[in-house]
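Here is a short note to go with the structure. Please read it with the coordinates open.

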Amino acid sequence: MNSISENLSKVHSQIDSAENDAGRKAGSVKLLAVSKLHPVEEIEEAVKCGQKAFGENRVQEAHQKFTELYKKYPDLELHIIGQLQTNKVKKAVEIASVIESVDRIELIQEIEKHASKAGKNIAVYFEVHTAEDSKSGFADFEQLQEAVAFCAEGNAPHVVPSGFMTMAPFSDDQNLVRASFKKLTEMADKIKKLYPQLPLSELSMGMSGDFPVAIQEGSTEVRIGTAIFGERNYNK
Ligand SMILES: *Cc1c(COP(=O)(O)O)cnc(C)c1O
């Protein structure tokens, strides 16, 4: 098995060439290292290679690991990328810089409540359901727009609408995968035209198996776990 350091270099060079192939500016795609189910020691290995931004999908696990990591590395950036239950929002707001999995207005209200109490602003991405085998995300453009409008109308001043996120289907059919990314890009473009005052610049799409396609379709942030840390052990 390759080391985390070797894997990171490889992923960086694959991102570089995907940017280049797509005619995009070098460095326009950010790497989020998805460290879910991997221990603090492995995250530290990535940090020592210069990786600063991490993604976790379970708040409880992320809270434990990152409370510890922040003591040593206060400038790490944590993104919550998994489905978020309302009763976990307080802890999520405590540790995260970005919540990428916003999929309902109720969640925005809850994030606002805790961010306001903590006196902190928190970036959010709107997760959009673009493919059948994903469970989460706003189901259609109307629902997405309703949530963005809720923020644009000033209902959640501590919540900073910063972008969009989706998961493509787990499929070998590149056309299906690409269609899913295209759908997010199109919806995001429409929303950005309607709400030019919002800083909605991020498109979080692409994982270990499909990130070159996502980069071709305009991704600004890829969320990569397996290609960096290896397979996850779900039985631990
Ligand atoms: C686990 C996860 C990833 C990373 O998946 P890999 O295939 O391991 O790169 C990306 N995004 C989300 C939302 C995830 O839950």
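1. Is Leu37 buried or exposed? Leu37 is buried, because its relative accessible area is 16% and the cut-off for buried is under 20%. Keep in mind that this is a predicted model. Leu37 sits in the loop that joins β1 (30-34) to α2 (40-48). Its backbone deserves a look: phi of Leu37 is near 65°. That is a positive value in a residue other than glycine.

2. Next, the largest pocket. It holds about 720 Å³ of space. Its lining is made by 31 residues, and the closest to the pocket centre are Lys36, Met167, Phe170, Met207 and Arg223. Two elements, α7 (174-194) and β8 (221-224), give two or more residues each to the lining. By class, the lining of the largest pocket has twelve nonpolar, eleven polar and eight charged residues.

3. Now a helix pair. Two packed helices are described by the angle between their axes and the distance between the axes. For α6 (residues 141-152) and α7, the axes come within 11 Å. They cross at roughly 40°. The crossing of α6 and α7 is right-handed. On the α6 side, Phe141, Leu144, Gln145 and Val148 make the contact. On the α7 side, Met187, Lys190, Ile191 and Leu194 do so. Six residues of this contact are nonpolar, one is polar and one is charged.

4. Where does Val29 lie? Val29 is in the loop between α1 (4-21) and β1. The residue counts as buried because its relative accessible area is 9%, against a limit of under 20%. Leaving aside neighbours within four places in sequence, Val29 is in contact with Ile15, Glu19 and Arg24. The same list of contacts for Val29 includes Ile215, Ser219, Thr220, Glu221 and Val222. One of these, Ser219, is 190 residues from Val29 along the chain. The C-alpha atoms of Val29 and Ser219 are nevertheless separated by 6.8 Å.

5. Ala156 is another loop residue to check. It is found between α6 and β6 (159-165). With a relative accessible area of 4%, Ala156 is buried. Which residues does Ala156 touch, not counting residues up to four places away in sequence? They are Ile108, Glu112 and Phe150. Gln109 is 47 residues from Ala156 along the chain. The C-alpha atoms of Ala156 and Gln109 are separated by 6.8 Å.

6. Strand β5 (residues 122-127) holds Phe126. Phe126 is buried, and its relative accessible area is 0%. Glu110 is 16 residues away from Phe126 along the chain. Between the C-alpha atoms of Phe126 and Glu110 the separation is 15 Å.

7. Ala123 is also found in strand β5. How should Ala123 be classed, buried or exposed? Ala123 is buried, because its relative accessible area is 16% and buried means under 20%. Outside its neighbours within four places in sequence, Ala123 is in contact with Ser97, Val98 and Ile99. Val160 and Ser162 are in contact with Ala123 as well. Ile80 and Ala123 are 43 residues apart in sequence. In space, Ile80 and Ala123 are 11 Å apart, C-alpha to C-alpha.

Methods. Residues are numbered from 1 along each chain as its sequence is written. This is a predicted model: local features need pLDDT of at least 70, side-chain atom pairs count only at pLDDT 80 or more; totals for chains, interfaces and linings use all residues. Side-chain values use heavy atoms; hydrogens and water are left out. On a 1 Å grid over the protein atoms alone, a cavity is a set of points where a 1.4 Å probe fits but cannot get out, and a pocket is an open set with protein on both sides within 12 Å along at least five of seven lines; lining residues have an atom within 4 Å of a point. Grid points are joined across faces, edges and corners, and a volume is the space filled by probe spheres set on the points. Helices (H or I, at least four residues) and strands (E, at least two) are DSSP runs, numbered from the N terminus. Ala, Val, Leu, Ile, Met, Phe, Trp, Tyr, Cys and Pro count as nonpolar, Asp, Glu, Lys and Arg as charged, and the others, Gly among them, as polar. Buried means under 20% relative accessible area, exposed over 50%, partly exposed in between (1.4 Å probe, protein chains only). Axes are lines fitted to C-alpha atoms, for helices over the stretch in contact, and angles run from 0 to 180 degrees between N-to-C directions. A crossing is left-handed if the near helix is turned anticlockwise from the far one by less than a right angle, and right-handed if clockwise. Contact means heavy atoms within 4.5 Å.
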